[in-house]
Amino acid sequence: MANVTVIGAQWGDEGKGKIVDWLSERADVVARFQGGHNAGHTLVVGEKVYKLSLLPSGIVRGTLSVIGNGVVLDPWHFRDEVAKLSAQGVTITPDNLQIAETCPLILPFHRDLDGLREDASGAGKIGTTRRGIGPAYEDKVGRRAIRVCDLAHLDDLGPQLDRLTAHHDALRTGFGEPPIDRAALMAELTEIADFILPFVKPVWLTLNRAKAAGKRILFEGAQGTLLDIDHGTYPFVTSSNTVAGAAASGTGLGPNAAGFVLGIVKAYTTRVGSGPFPTELEDATGQRLGERGHEFGTVTGRKRRCGWFDAVLVRQSVAVSGVTGIALTKLDVLDGFDTLQICVGYKIGDQTFDYLPAHAQDQAKAQPIYESIEGWHDTTAGARSWAELPAQAIKYIRRIEELIGCPVTLVSTSPEREDTILVRDPFAD
């Protein structure tokens, strides 16, 4: 049985939470491998709605869940999210949840710096969630981060604090802010350490032992491929690698462990925050997609921008993440449209492109080249087999497969866990 790596193949918000939850019933371990609590996953189980941003989605089913070293961890948010889910009846203990020893911590001054920079950037704002994700990753690669394992050795933290405050105090001075209060920071870390440390394990070892025992591992990505720090629409991206290859470096398993790569794709396109969006619809159609799809961010509550399906961008995501198959979500949002449009290329000045160029100015000027396809008026909501789908909806799915060069593995027809059409079982490969 194969492992499965789940990634978003657009700009995030594709419905990964439901798919990971659905697949986690078949998995032995669910591993989150990048990002922080800027991710948002909504799970609908019967009458209950669970909203996660840091914890792996498998935790709702009780599947062993791990937060890998590629994640940046806000320990106070972690405590709050555990408390919130526990109040909803989800059991969360060190027996079913582990945190990698080497996760960098998101600290209060990271959140401060995130907001200060965004406020001072004027037209250069990139639309961060202001949760300190980017500054925490900067400290990681700058070799000055405080990591989860440091919580067990706070008495030895002095030299690392010297490096950290030398960097941040200079930045804070530039923004007219006082230096970091080291005593207050140490008090906060001391207070939170007792809650975090029971969950801390050598996650790389847990996962390698699971692999050796033939266990099925489900790797859970956050955000989407088009927000990847290297492959996304830079600078309007996140601060980590969101592609499937990061599952290896973000957990401590080798690249041969990734298994079946499942790319999650909406039947249309959305984006939160700033940045290029060639197929964006700033009209009644875009409003209709947003209202029907309930397009508001799980974490931020921000309204998502909406547009037609962009086959060019998804084809790029399939290539850079090595996607084996896609899970098509929110098909039911397209019910009732007379005509649908699919972007098959771009026009930039006098040139035609079958990919999105790297430079931000070229991306901003890209005009979509559309192919029209007939819509359908019967409902797809709640369908659990091909036989329940309108013929034209199936034609739409088949055309998407042709344009992106990748087969559909799953189709999601509502937020409900069981409203899923399984075409090919990723764990069976």
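## A walk through the chain

The chain holds 12 helices and 18 strands. This is a predicted model.

Start with the overall form. The chain has 429 residues, and a compact globule with that many would have a radius of gyration near 22 Å. The chain has 22 Å, so it agrees with the globule rule. Its C-alpha atoms fill a box of roughly 65 × 50 × 40 Å along the principal axes.

Next, look at what is inside and what is outside. Buried residues make up 55% of the 429. Here, buried means under 20% relative accessible area, and exposed means over 50%. The chain exposes about 16800 Å². Carbon and sulfur atoms supply 51% of that area.

Contacts tell how the sequence folds back on itself. Take the contacts in the chain with a separation of 6 or more: residues 24 or more positions apart account for 76% of them.

Charges come next. The chain carries 44 positive and 53 negative charges. The mean positions of the two groups are 2 Å apart.

Now zoom in on helix 7, which spans residues 203–212. Which of its residues are buried? They are Val203, Thr206, Leu207 and Ala210. Seen down the helix axis, these buried residues fall within an arc of 90°, so they line one face of helix 7. The spacing along the sequence fits a general rule. An α-helix has 3.6 residues a turn, so residues three or four places apart point the same way.

What does the buried side of helix 7 pack against? The partners are five strands by name: strand 2 (29–32), strand 5 (64–67), strand 6 (97–100), strand 7 (200–201) and strand 8 (217–220). The face turned away from this buried side carries Arg209 and Ala212, both exposed. After the helix comes Gly214, whose phi is positive, near 80°.

Move on to helix 9, residues 284–292. Its buried residues are Gly286, Leu289 and Gly290. They cover an arc of only 95° around the axis, which puts them on the same side of helix 9. Strand 11 (305–307) is included in what covers them. And which residues are exposed on the other side of helix 9? Ala284 and Glu291 are exposed there.

Set the two helices side by side. Helix 7 has its buried residues on one face, with Arg209 and Ala212 exposed on the face turned away. Helix 9 has its buried residues on one side, with Ala284 and Glu291 exposed on the other.

Methods. Residues numbered from 1 in each chain as written. Predicted model: local features only at pLDDT ≥ 70, side-chain atom pairs only at ≥ 80, totals over all residues. Heavy atoms only, no water. Helix = DSSP H or I, 4+ residues; strand = E, 2+ residues; numbered from the N terminus. Rg over C-alpha atoms; globule rule 2.2 N^0.38 Å. Buried < 20%, exposed > 50% of the residue type's maximum accessible area, 1.4 Å probe, protein only. Contact = heavy atoms within 4.5 Å. Areas by Shrake-Rupley, 256 points an atom, 1.4 Å probe, with all protein chains shown as cover. Lys, Arg positive; Asp, Glu negative; His and termini not counted. Charge placed at Lys NZ, Arg CZ, Asp CG, Glu CD. Arc of directions from axis to C-beta.
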